[in-house]
Amino acid sequence: MIKEITENEMAEAMLSVRNAHRLLYAYQRRMMDTAKYMQTKLGITSPLSGNSILFAPIKKVGYLHMYGQQKLEDIWAWDFIPSLCYEYYLRRKTVGKYHCRTSLIQVSDSGYFESHIVNKHLCSLDTYISADDSATDFFIFFEVALQDDEERVWSTSEFVLPTIERYYNSELLTSCDYKNCDGYLTRNGKNGSLFLIRKYSATQLANEQSIDKILMELDEQVKKTIEISILDK
């Protein structure tokens, strides 16, 4: 059922839509530039990649030469806006005998994650907390492990979403698997591997100096445990 509105209301709404699309472009451009800047500071030369955390990419219909290539049945409107929660995988770097992996994960609106409504749903915006009370956050995921170690804490992309959910509902803070170390939640895996996670406000990505500070803090935390530096000299 399409909600009835007047032509004037529709015109006003479409102006907001145009402005919103331009704002989203500027936001995503900045986030991509931030992720690439972090790669450079970490000395990672592999191409930047990523994962949509909450929503699946819109699937193709399956017919190579068919007009209308995307299948739009049984999808959510959110599938058009994967930037609500997105992972920039900065890729892997080798330091001595260790493999180091880093991701920057953006949560553009924490309203769903921070809601305590029992039957909340991503498509029911009235189950989110208000936009004024929500936040725009980002997470640093980092793991260091021996090159031949397959017993990792963070082994697949499916690990990311439940970990973020557990962070917002404070499960990680009370979990016996994680320790709080200078603002980071850390978890030790087998064979001396280490996983770290930390949440920041997006306002802390304001400039290169603030991003440098975040990466230097991460570097210092890794040095305390593994005694290696992850920053590019």
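These are my notebook entries on a predicted model of one protein chain.

**Entry 1: confidence and overall layout**

I began with the confidence scores, since the model is predicted. The protein chain averages a pLDDT of 89, and 94% of its residues score at least 70. I then asked which element has the lowest mean pLDDT and which the highest. Helix H3 (residues 171–174) sits at the bottom with 84, while helix H1 (residues 7–42) sits at the top with 96.

Next I looked up the secondary structure, and I found four helices and seven strands. Reading along the sequence, I noted the order as α-β-β-β-β-α-α-β-β-β-α. For the dimensions, I have the C-alpha atoms filling a box of roughly 65 × 45 × 35 Å along the principal axes. Of the 233 residues in the protein chain, 39% are buried.

**Entry 2: strand S4 and its partners**

Is strand S4 (residues 137–146) mostly covered or mostly open? I found it mostly covered, with nine of its 10 residues buried.

I then followed its pairings. Strand S3 (residues 98–107) is joined to S4 by 10 bridges, and the two run antiparallel. In that pairing, Ser-103 is the residue standing opposite Phe-141 of S4. Strand S7 (residues 194–201) also pairs with S4, through eight bridges, and again the two run antiparallel. Here I noted Val-144 standing opposite Leu-194 of S7. A reminder to myself for viewing these strands: side chains in a regular strand alternate between the two faces of the sheet.

**Entry 3: salt bridges**

Side chains of opposite charge can pair when their charged atoms come close. How many salt bridges does a search of the whole structure find? The search gives nine, and I looked at some of them in detail.

The side chains of Asp-212 and Lys-41 meet at 3.9 Å, N to O. Asp-212 belongs to helix H4 (residues 208–225) and Lys-41 to helix H1, so this pair ties together parts that are 171 residues apart in sequence. I also checked the exposure of Lys-41, which is partly exposed with a relative accessible area of 31%.

A second salt bridge, between the side chains of Lys-224 and Asp-182, comes out at 2.5 Å, N to O. Why does this pair tie together parts of the chain that are apart in sequence? Lys-224 lies in helix H4, whereas Asp-182 lies in the loop between strand S5 (179–181) and strand S6 (184–188), so the parts they tie together are 42 residues apart in sequence. Both Lys-224 and Asp-182 are exposed.

A third salt bridge stays inside one element. Lys-213 and Glu-217 both lie in helix H4, four residues apart, about one turn of the helix. Their side chains meet at 2.6 Å, N to O. Glu-217 is partly exposed, at 24% relative accessible area. I followed this pair further and found Arg-198 linked with Lys-213 and Glu-217 in a network of salt bridges.

**Entry 4: cysteines**

I searched for disulfides and found zero. Cys-123 is in no disulfide, its nearest cysteine sulfur being that of Cys-85, 15 Å away. Cys-123 is partly exposed, with a relative accessible area of 37%.

Why does Cys-176 form no bond with Cys-181? The sulfur in Cys-181 is the closest cysteine sulfur to that of Cys-176, but at 15 Å it is too far for a bond. The cut-off for a disulfide is 2.5 Å between the sulfur atoms. Cys-176 counts as exposed, because its relative accessibility is 77%.

**Entry 5: pocket and cavity**

Last, I turned to the empty space. Rolling a probe the size of a water molecule over the atoms shows where such space is left.

The largest pocket has a volume of about 220 Å³. I listed its lining as His-21, Leu-24, Gln-28, Phe-80, Ile-81, Pro-82, Ser-83, Tyr-86 and Tyr-88. Two elements, H1 and strand S2 (85–95), give two or more residues to that lining. Which of the elements gives the largest share? I found that H1 does, with three residues.

I also looked for enclosed space, and the search found one cavity of 30 Å³ or more. The largest cavity has a volume of about 40 Å³. Its lining is made up of Leu-42, Ile-44, Lys-93, Cys-100, Thr-102, Phe-142 and Ile-230.

Technical notes
Residues are numbered from 1 along each chain as its sequence is written. This is a predicted model: local features need pLDDT of at least 70, side-chain atom pairs count only at pLDDT 80 or more; totals for chains, interfaces and linings use all residues. Side-chain values use heavy atoms; hydrogens and water are left out. Buried means under 20% relative accessible area, exposed over 50%, partly exposed in between (1.4 Å probe, protein chains only). Two strands pair if DSSP finds at least two bridges between them. pLDDT is the predictor's confidence in each residue, from 0 to 100. A salt bridge is a side-chain nitrogen of Lys or Arg within 4 Å of a carboxyl oxygen of Asp or Glu. On a 1 Å grid over the protein atoms alone, a cavity is a set of points where a 1.4 Å probe fits but cannot get out, and a pocket is an open set with protein on both sides within 12 Å along at least five of seven lines; lining residues have an atom within 4 Å of a point. Grid points are joined across faces, edges and corners, and a volume is the space filled by probe spheres set on the points.
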